[in-house]
Amino acid sequence: MAEVTVETALGVPALRRGAPQVLAGRGALKRPIRWAHSSEVPNLPALLRGGELLLMTGMGIGRRPADQRRFIRELADRGVAALVVELGQAFRSVPPAMVEEAETRGLPLVALRNEVAFVDATEAIHSRIVSARLAVTARAEALHAELARRTVEGAELPDLLDALAEAIGNPVLLDRAGHGVLYQAGHRSPAEDVLAAWDLARGADDA
């Protein structure tokens, strides 16, 4: 099962019943969700860890455009995956200041035009997240068992890295500090392209 993204979360029935409308940050809808959370406290951004899909009515956001922009900026700075605002209680429509700031920050901002039960939405999203994590764990365990079997049968390191590259669908390099790349499995990519990409990544600030 693929990881849960903002886009897939908006497709769960509990949220789809709210007639979601994406107002900003459409280019980031593929962003993965770590968890779903619902709260209305004014200092909410400070309580978040990043990766959340945040569901709220907007009661704790504030009425002044400056407050609304600051709220969006703080969510973006915390790495929140998306903000979903249910219309009707605090806002009849999402304030333009929020939409503009969210678009500037690349934060998906979604309006729910119909009332939804947030508890149902978070439960459905959490279920998908947990299922996706279990699927990843199962795949990792199966891959570990396959590599262990090949090792017992006498497979050499290059064979193991080739098998790993094939299983994950990406090139694999074995790089030893001070010795450079000892072996690379290109997975259908030319060796020179893989090595060039690795040189760029190794030289980057966040390598």
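The exercises below, each with a worked solution, concern a predicted model.

**Exercise 1. The sheet**

Work out which strands stand at the edges of the sheet, and what this leaves on one side of each.

Solution.
- Step 1. Start with the strand order. The sheet is open, has five strands with mixed pairing, and reads β1-β5-β4-β3-β2.
- Step 2. Look at the ends of that order. β1 (20-24) and β2 (35-38) are the edge strands, and each has a single partner strand, so one side of each lacks a neighbour in the sheet.
- Step 3. Add the twist, which averages 25° from one strand to the next.
- Step 4. Examine the pairing of β1. Four bridges join it to β5 (residues 109-112), and the two strands run antiparallel. Within this pair, Val22 stands opposite Val110 of β5.

**Exercise 2. Helix α5 on the sheet**

Find which strands helix α5 touches, and determine which of its residues are buried and which are exposed.

Solution.
- Step 1. Place the helix. α5 (residues 96-105) packs on the sheet and touches β1, β4 (82-86) and β5. The direction of α5 makes about 70° with that of β1.
- Step 2. List the buried positions: Ala97, Met98, Glu101 and Ala102.
- Step 3. View the helix down its axis. The buried residues of α5 fall within an arc of 125°, so they line one face of the helix.
- Step 4. Turn to the other side of α5, where Pro96 and Thr104 are exposed.
- Step 5. Identify what the buried residues of α5 pack against: β1, α4 (65-77), β4 and β5.
- Step 6. Check the residue just after the helix. Gly106 there takes a positive phi of about 70°.

**Exercise 3. The nonpolar cores**

Establish which residues touch the most other members of the largest nonpolar core, and which element gives the most to this core.

Solution.
- Step 1. Begin with the membership. The largest nonpolar core has 23 residues, and Leu15, Ile33, Leu53 and Ile125 touch the most other members.
- Step 2. Sort by element. α1 (6-10), α2 (13-16), β3 (52-56), β4, β5 and α6 each supply at least two residues of this core. Helix α6 gives the most, with four residues.
- Step 3. Take Leu15 as an example. Setting aside neighbours within four places in sequence, Leu15 is in contact with Ala9, Leu10, Pro20, Leu53, Leu55, Leu112, Ala121 and Ile125.
- Step 4. Note that another core, of 21 residues, lies apart from this one; among its members are Ala24, Leu54, Phe91 and Met98.

**Exercise 4. Two residues and their contacts**

Decide whether His126 and Glu3 are buried or exposed, and name what each touches beyond four places in sequence.

Solution.
- Step 1. Locate His126, which is in helix α6 (residues 118-152).
- Step 2. Apply the cut-off for burial, which is under 20% relative accessible area. His126 has 17% relative accessibility, so it counts as buried.
- Step 3. Read off the contacts of His126 beyond four places in sequence: Trp35 and Ala36.
- Step 4. Locate Glu3, in the segment before α1. The relative accessible area of Glu3 is 52%, so it is exposed.
- Step 5. Find the partners of Glu3. Not counting residues up to four places away, Glu3 touches Pro32 and Ala132.
- Step 6. Compare separation in sequence and in space. Glu3 and Ser131 are 128 residues apart in sequence, while their C-alpha atoms are 9.1 Å apart.

**Exercise 5. Salt bridges**

Determine what the salt bridge between Glu101 and Arg69 ties together, and set it beside two others.

Solution.
- Step 1. Recall the principle: side chains of opposite charge can pair when their charged atoms come close.
- Step 2. Note the total, eleven salt bridges in the whole structure.
- Step 3. Take Glu101 and Arg69, whose closest N and O atoms are 3.2 Å apart. Glu101 lies in helix α5 and Arg69 in helix α4, so the pair ties together parts that are 32 residues apart in sequence. Glu101 is buried at 9% relative accessible area, and Arg69 is partly exposed at 26%.
- Step 4. Take Asp67 and Arg64, which meet at 3.0 Å, N to O. Asp67 is buried at 13%, whereas Arg64 is exposed at 53%.
- Step 5. Take Glu146 and Arg149, with an N to O distance of 2.5 Å. Both lie in helix α6, three residues apart, about one turn of the helix. Glu146 is partly exposed at 26%, and Arg149 is partly exposed at 37%.
- Step 6. Look for shared partners. Salt bridges of this kind join Arg69, Asp77, Glu100, Glu101 and Arg105 into one network.

Notes
Residues numbered from 1 in each chain as written. Predicted model: local features only at pLDDT ≥ 70, side-chain atom pairs only at ≥ 80, totals over all residues. Heavy atoms only, no water. Pairing = 2+ DSSP bridges. Axes fitted to C-alpha atoms, helices over the stretch in contact; angles between N-to-C directions. Contact = heavy atoms within 4.5 Å. Buried < 20%, exposed > 50% of the residue type's maximum accessible area, 1.4 Å probe, protein only. Arc of directions from axis to C-beta. Core = buried A, V, L, I, M, F, W, Y, C linked by side-chain atoms within 4.5 Å. Salt bridge = Lys/Arg side-chain N within 4 Å of Asp/Glu carboxyl O.
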